[in-house]
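Please keep the viewer open beside this text, with a cartoon representation and a way to select residues by number. The tour begins at a single residue and then moves outward.

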Amino acid sequence: MALGKSLDLTSEYKANVYSITLDMSGWDKTTFHVLAPVASAIFVYGSNDAGAGFGITDGNASLATNFATIQTTPLANNTPATSISTAGAYKVDVNTQFIRLQGGGADVYRLYAFHSKIS
């Protein structure tokens with residue numbers, strides 16, 4: 001049996017000045033679907049550092065820190081990259097607890113995600 005969840009991330013991405021951090025706990029992979037126009041590259045980062053403070057908080061996506069670039073692959077040509085530079089669907093294997101999409105002024109028309117898990 002497989003599980004899946006679709007999300008429209010457009011409003012949150014734009015409201016956070018073209019940056020969004022997702023807690024991917026429990027998911028195996030995700031696909032980001034970006035609709036044109038794409039103003040500039042959207043970089044894909046991952047982290048396992050929840051920003052926890054001993055005795056204060058367990059951390060969460062908004063506190064996550066120490067991000068590193070991770071691989072994304074456009075489904076159109078299957079050529080790995082670390083950014084989303086054109087409209088299309090991009091898969092990301094979930095190997096970190098948090099995934100961040102971030103671009104310097106990288107406005108998009110729409111940004112969707114589909115998280116999935118094979119159980």
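## A proline in a loop

Select Pro80 and then display its surroundings: once the neighbours within four places in sequence are set aside, the residues in contact with Pro80 are Gln71, Thr72 and Thr73. The model is a predicted one, and Pro80 belongs in it to the loop between E6 and E7. Is Pro80 buried, exposed or partly exposed? Its relative accessibility is 49%, so Pro80 counts as partly exposed, given that the exposed class begins over 50%. For a distance to draw in the viewer, take the C-alpha atoms of Pro80 and Val92, which are 9.8 Å apart in space and 12 residues apart in sequence.

Stay in the loop between E6 and E7 and move the selection to Asn78, which is also found there. The backbone deserves a look at this position, since phi of Asn78 is near 60 degrees, a positive value in a residue other than glycine. Asn78 has a relative accessible area of 51% and is therefore exposed.

## Into strand E7

Continue along the chain to Ser83, found in strand E7, which covers residues 83-84. With a relative accessibility of 16%, Ser83 counts as buried, because the limit for that class is under 20%. Which residues are in contact with Ser83, apart from its neighbours within four places in sequence? They are Ala41, Ile42, Phe43, Thr72 and Tyr90. Thr72 is thus worth leaving highlighted, as it appears in the contacts of Ser83 and also in those of Pro80.

## Across to strand E5

Next select Thr69, which lies in strand E5, residues 68-69. Outside its neighbours within four places in sequence, Thr69 is in contact with Val44, Tyr45 and Thr82. Thr69 counts as partly exposed, at 48% relative accessibility. Drawing a line from the C-alpha of Thr69 to that of Val94 gives 13 Å in space, for a pair 25 residues apart in sequence.

## The five-stranded sheet

Now colour the strands and bring up the open sheet, in which five strands follow the order E1-E10-E3-E8-E6 with antiparallel pairing. At its edges are strand E1 (2-8) and strand E6 (73-74), each of which pairs on one side only. Strands of a sheet pair through backbone hydrogen bonds, in either a parallel or an antiparallel sense.

Within this sheet, isolate strand E3 (residues 29-38) and strand E10 (residues 108-118), which run antiparallel and are joined by eight bridges. To see one of these bridges, select Lys29 and look for its partner in E10, which is Ser116. Then follow E3 to Pro37, which lies in that strand. Where is the cis peptide bond that involves Pro37? It joins Ala36 and Pro37, and its omega is about 5 degrees.

## The pair E2 and E9

Turn to E2 and strand E9 (residues 98-102), which pair in the antiparallel sense over five bridges. A useful pair to display here is Thr21 and the residue opposite it in E9, Arg100. E2 is mostly covered, with four of its five residues buried.

Just before E2, select Val17 in the loop between helix H1 (10-15) and strand E2 (19-23). Phi of Val17 is near 50 degrees, which is positive in a residue other than glycine. Val17 counts as exposed because its relative accessibility is 63%.

## The whole protein

Finally, clear the selections and view the full chain, which has one helix and 10 strands. Read along the sequence, these elements give the pattern β-α-β-β-β-β-β-β-β-β-β. Along its principal axes the C-alpha trace spans about 45 × 40 × 25 Å. The radius of gyration is 14 Å, which agrees with the value near 14 Å that a compact globule of 119 residues would have.

Of the contacts with a separation of 6 or more, 75% are between residues 24 or more positions apart. Buried residues make up 35% of the 119 residues. With a surface shown, about 6500 Å² is exposed, and carbon and sulfur atoms supply 52% of that area. As a last selection, mark the 7 positive and 8 negative side chains, for which the centres of the two sets lie 7 Å apart.

Definitions and conventions. Residues are numbered from 1 along each chain as its sequence is written. This is a predicted model: local features need pLDDT of at least 70, side-chain atom pairs count only at pLDDT 80 or more; totals for chains, interfaces and linings use all residues. Side-chain values use heavy atoms; hydrogens and water are left out. Helices (H or I, at least four residues) and strands (E, at least two) are DSSP runs, numbered from the N terminus. The radius of gyration is taken over C-alpha atoms; the globule rule is 2.2 Å times the number of residues to the power 0.38. Buried means under 20% relative accessible area, exposed over 50%, partly exposed in between (1.4 Å probe, protein chains only). Contact means heavy atoms within 4.5 Å. Accessible areas come from the Shrake-Rupley method with a 1.4 Å probe; for residues, only the protein chains shown count as cover. Lys and Arg count as positive and Asp and Glu as negative; His and the chain ends are not counted. The place of a charge is taken as NZ of Lys, CZ of Arg, CG of Asp or CD of Glu. Two strands pair if DSSP finds at least two bridges between them.
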